[in-house]
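Please read the points below alongside the coordinates. They concern charged side chains and their partners.

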Amino acid sequence: MKVLAIDCAASLCAACVYDVAAGRELGRAVLDLGKGHAEHLMAVIAEALKAGETDYPGLGAIAVSVGPGSFTGLRVGVSTARGLALALKIPAIGVTTLEALAAEAAVAFPGRAVLAALDAGRDEIHAALYDKALVLTYGPAVATLPEASALASEASAVLAGTAAAQIAALVGRLSDIGPQAPTADILTYARLAAAKGEGERPKPLYLRGADAKPQAGFILSRQPN
């Protein structure tokens, strides 16, 4: 089976094609946009499919990052994934940015708990804690920096995400830190989605309301916190 993965959770507009049976990436395309995901996503997907010598009928599933992340970017990515899945009659599978970052940290520090934490501004942290087997034990939730630091200290967790350095400084001891990006590599989303299999239709993970009015033209309604 081939999986198309889509990520618009942060500044990147990314897509890749992953061959599950072979366990390898076939092709990818990534743009660092900041904004404007809606205008560029379909072209990025087309480029990834071309690089992977694949077309839409050759896909078996769509993977998509569901956040937390950019309010508008998440709407663009999730609505596109759901639309493609519906048209192609294949499943769309959501993966959170926090679990993807935790998975990457676990590769660098195997057998350790991981706290994935994103700086959400307003003195808030979007956090999720995973145990040594990468089973979710806390969150995803909004936490204060002291709360996130207490979680990390109690679990002796590896830190990942944009808030990792802040948390490490507050913990007050040398902490192991994995990726500090706002999102994971696009291949990580594809691999996690393939391992999950089909479930509920993906929807954006909003841990708080939007800072700005989203772009018009997307019909997904905001889910309650």
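1. The structure holds four salt bridges, a salt bridge being a side-chain nitrogen of Lys or Arg within 4 Å of a carboxyl oxygen of Asp or Glu. As background, side chains of opposite charge can pair when their charged atoms come close.

2. On the source: this is a predicted model, in which local features need pLDDT of at least 70 and side-chain atom pairs count only at pLDDT 80 or more, while totals for chains, interfaces and linings use all residues. Residues are numbered from 1 along each chain as its sequence is written, and side-chain values use heavy atoms, with hydrogens and water left out.

3. K196 and E99 form a salt bridge through their side chains, with an N to O distance of 3.0 Å. The two residues come from distant parts of the chain, 97 residues apart: K196 belongs to helix α6 (residues 186–196) and E99 to helix α3 (residues 97–108). Helices (H or I, at least four residues) and strands (E, at least two) are DSSP runs, numbered from the N terminus. K196 is partly exposed at 42% relative accessible area, whereas E99 is buried at 17%. The classes are buried, under 20% relative accessible area; exposed, over 50%; and partly exposed, in between (1.4 Å probe, protein chains only).

4. R112 pairs with D176 in a further salt bridge, and their closest N and O atoms are 2.8 Å apart. R112 sits in the loop between α3 and β6 (114–121) and D176 in the loop between α5 (164–171) and α6, so this pair ties together parts that are 64 residues apart in sequence. R112 is partly exposed at 26% relative accessibility, and D176 is partly exposed with a relative accessible area of 31%. Elsewhere, E25, R28 and D185 are joined into one network by salt bridges that share partners.

5. Within that network, R28 and E25 form a salt bridge whose closest N and O atoms are 2.8 Å apart. R28 is partly exposed, at 32% relative accessible area; E25 is also partly exposed, at 25%.

6. Which side chain of opposite charge is nearest to D19? The answer is R24, 5.5 Å away, and D19 is buried yet has no salt bridge. (Lys and Arg count as positive, Asp and Glu as negative; His and the chain ends are not counted.) D19 is found in strand β2 (residues 12–19). The side chain of D19 does reach the backbone nitrogen of A22, at 3.0 Å. Leaving aside residues up to four places away in sequence, D19 touches M1, R24 and L26, where contact means heavy atoms within 4.5 Å.

Terms used
Polar contact = N/O pair within 3.5 Å; in protein donor to acceptor, adjacent residues only side chain to side chain.
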